[in-house]
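Student: Could you help me understand how the words used for a structure follow from its numbers? I would like to ask about them one at a time.

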Amino acid sequence: MSKVRVRFAPSPTGFLHIGGARTALFNWLFARNQGGTFILRIEDTDEVRSSEESVGAILRGLSWLGLDWDEGPTAYTERQLEPGAKWQEDSGKGIYMPYYQMNAFREGIYKKPADQLLNEGKAYHCYCTPEELESMRTRAMLAKRPPKYDGRCRDLTDALRKEHEAKGRKPVVRFKTPVEGTTHFEDIVRGHVSFENSLLDDFVLLKTSGIPTYQFAVVIDDHRMKITHVIRGDDHLSNTPRQVLIMEALGWGDFARGLKFAHLSMILGPDGTRLSKRHGATSVEEYQKQGYLPEAMVNYLALLGWSTEDSQQLFKIDDLIQKFSLERCGKSAAIFDPVKLLWMNGEYIRALSKPELAQRCLPFLKEAGLAASGEITPYLESCVALEQEKIKLLTDVPRLVDFLIRDDFVFDEKSVEKVLKVPGAIGLLMEIAGKMRTLSEFTAASTEKLCRDYAAEKGLKAGAVFHPVRVATSGRTQGPSLFHYLEVLGKEKCLARIDKTCATLAVH
RNA sequence: GCUCCCGUCGUCUAGCGGUCUAGGACGCUGCCCUUUCAAGGCAGAGAUCAGGGGUUCAAAUCCCCUCGGGAGCACCA
């Protein structure tokens, strides 16, 4: 049994979206589970839609998710792009370079097999213009027939060929699809799949520019890179017979028969249609910006179309790798549920150690101007820790800890109205402050005892003391555990805040 | 239009002929804990297994049909 080799082969025509990330993840999990090789290949043969920016976004997205590849372009983290430089200039890593298809094209990698098919009469030049093809298609549609190419250039005479050439027409290379027979292949998630060849038309292998089409490049590269399993979205299911046919025509029947496919179900938006921009965030980078943890995203994505027998929900990454299998991938499409992702993110945030959590929050704190020093101080770490169980998104943090860091926090009018602007509130606060001043140890335990004793002494409910203290020191009725944040704030600040509140209130 | 794929609680799913009066998770409801908000604990509502025919002593599980959803049919990938 040869070693597993899988690839994730995105086309750089946009950012890394949720569906692509899921495909990449399943490839990666399978490779890691099997002790195989995970390859990243950039399919940039679309001259007009491919972009430098997209390559960067894909590399960045994969890195963020922790999906490292064994062969492919140099990782984003190892190679920051200098201005003006191109990702494709990167030599990458691995023994089957290049991993950018346009680089392979420049090296003439696709020309040889195309010539072979041409010479053996398994492919031919087609001189039809886009206009001719278009009218062919509309006529077929009107006649209620499948919009297929009719094969008119299959047996072009030399004279006709010369005539086209004389007019300056550049040919494409078309594959001579067998008109009869059935093409079979094995799919790990779908089982045995077969298609009638008669349904397929003579599709294009090489464009007029000489650049290969997806169908052709994929076959050449999968063979070249000795891929053993093709794991991709099931939107490619009906492309598969074409690819198998090409392999057989090239004499790679053994390779074709050994190749295993796994067509993963699609991910849909909440309304059951294909996930798109109008469903909100669809790129993994947007989720990063919104404060999701990559490990939560990975865990959530793994559960979209894959499950264990006991429906386990939370997985440490090593656990996931160990339990993952293609056989347990489902066939039906799954709807992406942002609510469950959010829950899972909270789970992962709660599982983080305090220093780690603070570190993850740093970019968001900086952005909000709450990390003056630019790094995590012990004080900042304590502030974040106070809110840990409440955090669903890292972007929640600045809002949550703001009052602990800035002394000019704003008071919530409703809270002030309800809790402080009541008879006796100022007196109570001043007395509490007076007692606090005498405290030698200013801890959660000591301040709590102080407040409880005071309440008992005055015959008040504990809440009647706690709430004014909370609003006086934080500006609102909602927040972390009162005495714990008082301890973090420290005696001096607490007293200053209570005094200031009393002074302000007394004026009105 | 043609071809292919899919169809279990609102959602992700377990189930691979009897152990299913269909299990788990998110969400939802209630209760408990509690200084607030969360978190946590407990309980509950929620699926005649898309519908209809078969096969079988026995079907969510096997077969057929219908319906519904999705995908593909480019010199895009």
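The conversation below goes through some terms and the values behind them.

Tutor: Before we start, this is a predicted model, in which local features need pLDDT of at least 70, side-chain atom pairs count only at pLDDT 80 or more, and totals for chains, interfaces and linings use all residues. Residues are numbered from 1 along each chain as its sequence is written, chains are lettered from A and ligands numbered from 1 in the order in which they are written, and side-chain values use heavy atoms, with hydrogens and water left out.

Student: Why is Cys 128 not bonded to the sulfur of Cys 153?

Tutor: A disulfide is a pair of cysteine sulfur atoms within 2.5 Å. The sulfur of Cys 153 is the closest cysteine sulfur to that of Cys 128, but at 3.6 Å it is too far for a bond. For Cys 383, the nearest cysteine sulfur is that of Cys 361, 11 Å away, and Cys 383 is in no disulfide. By this rule, the count is zero disulfides.

Student: What makes Cys 383 buried or exposed?

Tutor: Buried means under 20% relative accessible area, exposed means over 50%, and partly exposed is in between (1.4 Å probe, protein chains only). Cys 383 has a relative accessible area of 0%, so Cys 383 is buried. Cys 128 also counts as buried, at 14%.

Student: How do you know where the buried residues of helix H15 point?

Tutor: Helices (H or I, at least four residues) and strands (E, at least two) are DSSP runs, numbered from the N terminus. In H15, residues 378-387, the buried residues are Leu 380, Cys 383, Val 384, Leu 386 and Glu 387. Seen down the axis of H15, they fall within an arc of 155°, so they line one face of the helix. The arc is that of the directions from the helix axis to the C-beta atoms.

Student: What covers the buried residues of H15?

Tutor: The cover includes helix H14 (354-367), helix H16 (397-405) and helix H21 (482-489). This rests on contact, meaning heavy atoms within 4.5 Å.

Student: Why is the pair Glu 285 and Arg 60 called a salt bridge?

Tutor: A salt bridge is a side-chain nitrogen of Lys or Arg within 4 Å of a carboxyl oxygen of Asp or Glu. Here the N to O distance is 2.5 Å, and the side chains of Glu 285 and Arg 60 meet in a salt bridge. Glu 285 lies in helix H10 (residues 284-289) and Arg 60 in helix H2 (residues 52-65), so the pair ties together parts that are 225 residues apart in sequence. Glu 285 is buried at 19%, while Arg 60 is partly exposed at 29%.

Student: What makes Asp 202 and Arg 154 a salt bridge?

Tutor: Their side chains meet with 2.7 Å from N to O. Asp 202 is buried, with a relative accessible area of 5%, and Arg 154 is partly exposed at 23%. Another pair is Arg 278 and Asp 271, whose closest N and O atoms are 3.2 Å apart. Arg 278 is exposed at 60%, and Asp 271 is partly exposed at 44%. By this rule the count comes to 37 salt bridges.

Student: How do you know which residues are near RNA strand B?

Tutor: A residue is near a molecule or strand if one of its heavy atoms lies within 4 Å of it. There are 65 residues around RNA strand B, and those that come nearest are Asp 46, Arg 190, Lys 207, Glu 389 and Lys 390. Of the strand's atoms within 4 Å of the protein, 71% belong to sugar or phosphate and the rest to bases.

Student: What makes the approach of Arg 470 to RNA strand B a polar contact?

Tutor: A polar contact is a pair of N or O atoms within 3.5 Å; within protein, one must be able to donate a hydrogen and the other to accept it, and residues adjacent in sequence count only if both atoms are side-chain atoms. A polar side-chain atom of Arg 470 is 2.7 Å from a base oxygen of the strand. For Arg 190, a polar side-chain atom lies 2.5 Å from a sugar or linking oxygen of RNA strand B.
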